Amino acid sequence: MSFESSCDETSVAIIEDGHKILSNIVATQIKSHQRFGGVVPEVASRHHIEEITICVDDAMREANVTYDDIDAIAVTYGPGLVGALLIGVTAAKTIAWAHDIPLIPVNHIAGHILAGRYVEKIEYPALALVVSGGHTELVLMPEEGEFKIIGETRDDAAGEAYDKVGRVLGINYPAGPKVDEMASKGKDTFDFPRAMEKDDNFDFSFSGLKSAFLNTTHHADQIKEKLNKDDLATSFQDAVVDVLVYKTKRALAKYPVHQLILAGGVAANHGLRSALDKAINDVSNTQLVKVPLKLCGDNAAMIGAAGYVLAKKNIFAGVNLNADPSLDFDLLEDK
Ligand code: ATP
Ligand code: MG
Ligand code: FE
């Protein structure tokens, strides 16, 4: 059984043998946050409290299991919103304690990455490109259960940039999927910056791109010029995808791996998926593992997949487990 409540999705899943999803209930709160243009932490916590027991009941009913069938409970304990995390952590600890079931503490980002296990057996060493609402990073996994950051965003995450740019285009939060759809219809006509592309590291920056986008649209507003929104979306997306692909290829050149895993909410992006499909052809001996579209956004099945890996490494927690909102992987030394 696994729990996810780090942001605005309450989710409970039942996983068999670490790779078979018996149920994966996701209660999204998007509608409640939309009118604020983003996630309101206090509203998120309240929704999690209301939803979590319903999700547990639904997940168990759909999987047709009782507590006697549950061998372990995996839960996201960070990173994320502290009030939101606490609901999942408390629910998981309570059930673990009441039914004497081992508890596994899971890093949310490890969950995003190990969702790749639902499509392919992960062969190590592996590299993950994690692109989500709060993270954009390249994570090297020398062996199973080991995560080292080799590069990350210095400012905005890619998903955050999508959401901000989408807002200017008049799209509701979260804007990623709609911007993605518009981008498939337009042309790259605006010359947006590819920040840090040529820098000798694996870091990213998206705030300059966001500013360039906002300046372009504001200026057009002032002179009452109408810009083609699809072209704006395509130009923005091409800039994001170019940098992500370029830096990932550089990382693969320095760190040869068996697999590249594309993970996180923005991994659902069609432009990014097809650009990486093409790019991987130039990299010999590396297989691209794309997390399935349905498992890119936050869900408990991914936490169950990661929990299985951690349990094999004997990583368990007691009832003193606490939420850790700024939980992070270590940086790779000598990168
Ligand atoms: P984190 O995982 O870093 O803690 P999070 O859990 O809030 O953050 P996710 O749920 O993993 O983030 O991803 C949500 C983000 O993915 C949102 O910013 C959303 O706009 C973006 N997103 C979803 N689908 C797409 C898409 N097709 N193209 C681009 N962005 C997308
Ligand atoms: Mg979300
Ligand atoms: Fe996430």
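## Getting to know a predicted model

Student: In which helix is the place of His270?
Tutor: Happy to start there, and do keep in mind that this is a predicted model. The place of His270 is in the helix that covers residues 270–279, which is α9.

Student: Is His270 buried, exposed or partly exposed?
Tutor: Let's count its surroundings: 15 other C-beta atoms lie within 10 Å of His270. Buried needs 20 or more and exposed needs 12 or fewer. The count of 15 falls in between, so His270 is partly exposed.

Student: Which residues does His270 touch, not counting residues up to four places away in sequence?
Tutor: One partner is 86 residues apart from His270 in sequence, yet the two are 8.3 Å apart in space, C-alpha to C-alpha; that partner is Ser184. With residues up to four places away in sequence not counted, His270 touches Asp180 and Ser184.

Student: Is Asp180 buried or exposed?
Tutor: Asp180 has its place in helix α6. Leaving out residues up to four places away in sequence, Asp180 touches Gln237, Asn269, His270 and Gly271. Within 10 Å there are 20 other C-beta atoms, and 20 or more is the cut-off, so Asp180 is buried.

Student: The UniProt annotation "binding site" covers Asp163 too; is Asp163 buried or exposed?
Tutor: Yes, the annotation, from an unreviewed entry, includes Asp163 and Asp180. Asp163 is found in helix α5, and its contacts beyond four places in sequence are Gly38, Tyr173, Pro174, Ala175 and Gly176. With 22 other C-beta atoms within 10 Å, and 20 or more being enough, Asp163 is buried.

Student: Which elements give two or more residues to the shell around ligand 1?
Tutor: Of the 25 residues around ligand 1, those that come nearest are Gly133, Gly134, Gly159, Gly176 and Gly265. The elements that give two or more residues to this shell are α4 (108–114), α5 (158–168) and α6 (176–183).

Student: How many residues of that shell are polar?
Tutor: The shell around ligand 1 divides into three groups. Nonpolar residues number 8 and charged ones 3, while the polar ones number 14.

Student: Which helix gives the largest share of the largest nonpolar core?
Tutor: In soluble globular proteins, nonpolar side chains tend to be buried together. Here the largest nonpolar core has 104 residues, and Ala128 is among those with the most contacts inside it. The largest share of this core, 10 residues, comes from the helix at residues 229–254, which is α8.

Methods. Residues numbered from 1 in each chain as written. Chains lettered and ligands numbered in written order. Predicted model: local features only at pLDDT ≥ 70, side-chain atom pairs only at ≥ 80, totals over all residues. Helix = DSSP H or I, 4+ residues; strand = E, 2+ residues; numbered from the N terminus. Contact = placed C-beta atoms within 7 Å. Near = placed C-beta within 6 Å. Nonpolar A, V, L, I, M, F, W, Y, C, P; charged D, E, K, R; others polar. Core = buried A, V, L, I, M, F, W, Y, C linked by C-beta atoms within 7 Å. UniProt positions renumbered as here; feature names shortened; annotations may be inferred.
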